[in-house]
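Open the model in your viewer, and let's walk through it together one selection at a time. Have your selection box ready.

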Amino acid sequence: MALYHFSIAQIKRSAGQSAIASAAYRAGERLYSSYYGEVSDYTKKGGVIASEIMLPPHAPEIYLVRATLWNAVENCEKHPKAQLAYSFDIAMQNE
């Protein structure tokens with residue numbers, strides 16, 4: 001019997017969320033947000049097995065740096081109700 005889980009959530013400024021903080025949490029890293037002027041440090045969080053950024057071929061390679069990518073997203077979207085990112089949560093059995 002296979003059990004799986006799939007959910008999608010938005011990272012949105014209107015809910016008080018930050019793309020930088022969300023990215024730091026998911027990657028288990030320490031990132032500085034130039035938009036909010038604060039540091040999100042999740043280096044002591046366990047359970048992060050792999051963390052990778054995949055870019056399309058035409059995207060600048062500077063966005064392979066997580067802090068640069070998410071600071072660009074935060075600075076690009078100025079509206080207080082901006083939807084900054086989507087979070088995909090997928091879990092499957094290892095059978």
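**Stop 1: the start of helix 1**

Begin by selecting Ser-18, which caps the N-terminal end of helix 1. Show its side chain and look for the oxygen that lies 3.2 Å from the backbone nitrogen of Ile-20. Keep in mind as you go that this is a predicted model.

**Stop 2: along helix 1**

Now extend your selection to residues 19–27, which make up helix 1. How many residues of helix 1 are buried? The count is 7 of its 9 residues, so helix 1 is mostly covered. Color the buried ones: Ala-19, Ile-20, Ala-21, Ser-22, Ala-23, Ala-24 and Ala-27.

What do these buried residues pack against? Show strand 1 (4–12), strand 2 (30–33), strand 3 (38–41) and strand 4 (83–92), then add helix 2, and you have the elements they pack against.

Before leaving, click on Gly-28, just after helix 1. Gly-28 takes a positive phi of about 70°.

**Stop 3: zoom out**

Switch to a cartoon of the whole chain. You should see 2 helices and 4 strands, and reading along the sequence gives the pattern β-α-β-β-α-β. The C-alpha trace spans about 45 × 35 × 30 Å along its principal axes. Of the 95 residues in the chain, 26% count as buried. If you draw the contacts between residues at least 6 apart in sequence, 55% of them join residues at least 24 apart.

**Stop 4: where the two helices meet**

Select helix 1 together with helix 2, residues 66–76. Two packed helices are described by the angle between their axes and the distance between the axes. Here the angle is about 150°, and the axes are 9 Å apart. That angle makes helix 1 roughly antiparallel to helix 2, since the cut-off for this description is over 145 degrees. The crossing of the two helices is right-handed.

Next, show the side chains where they meet. On the helix 1 side, pick Ala-19, Ile-20, Ala-23 and Ala-27; on the helix 2 side, pick Arg-66, Ala-67, Trp-70, Asn-71 and Glu-74. The residues of this contact divide into 6 nonpolar, 1 polar and 2 charged.

**Stop 5: the covered side of helix 2**

Stay on helix 2 and color its buried residues, which are Arg-66, Leu-69, Trp-70, Asn-71 and Glu-74. Turn the view to find what these residues pack against: helix 1, strand 2 and strand 4.

**Stop 6: Asn-71**

Center the view on Asn-71 in helix 2. Is Asn-71 buried or exposed? Asn-71 has 11% relative accessibility and therefore counts as buried, as the cut-off is under 20%. Follow its side chain to the backbone oxygen of Ala-67, which is reached at 2.9 Å. Now select the residues around Asn-71, leaving out those up to four places away in sequence: Asn-71 touches Ile-20, Tyr-32, Ser-33, Ser-34 and Tyr-35.

**Stop 7: Ser-33**

One of those contacts makes a good next click. Ser-33 lies in strand 2 and, at 1% relative accessibility, counts as buried. Where does its side chain reach? The side chain of Ser-33 reaches the backbone nitrogen of Tyr-36 at 3.2 Å. With residues up to four places away in sequence set aside, Ser-33 touches Ile-20, Glu-38 and Asn-71.

**Stop 8: Tyr-63 and Ala-72**

For the last stop, move to Tyr-63, in the loop between strand 3 and helix 2. Tyr-63 is partly exposed, with a relative accessible area of 27%. Leaving aside neighbours within four places in sequence, Tyr-63 is in contact with Ile-53, Leu-55, Thr-68, Leu-69 and Ala-72. Use the distance tool on Tyr-63 and Ile-53: they are 10 residues apart in sequence, and 8.4 Å apart in space, C-alpha to C-alpha.

Finish on Ala-72, which is in helix 2. Ala-72 counts as partly exposed at 27% relative accessibility. Draw one more C-alpha to C-alpha line, from Ala-72 to Glu-38: the two are 34 residues apart in sequence and 15 Å apart in space.

Definitions and conventions. Residues numbered from 1 in each chain as written. Predicted model: local features only at pLDDT ≥ 70, side-chain atom pairs only at ≥ 80, totals over all residues. Heavy atoms only, no water. Axes fitted to C-alpha atoms, helices over the stretch in contact; angles between N-to-C directions. Parallel < 35°, antiparallel > 145°, perpendicular 65-115°, else oblique. Left-handed = near helix turned anticlockwise from the far one by under 90°. Contact = heavy atoms within 4.5 Å. Nonpolar A, V, L, I, M, F, W, Y, C, P; charged D, E, K, R; others polar. Buried < 20%, exposed > 50% of the residue type's maximum accessible area, 1.4 Å probe, protein only. Polar contact = N/O pair within 3.5 Å; in protein donor to acceptor, adjacent residues only side chain to side chain.
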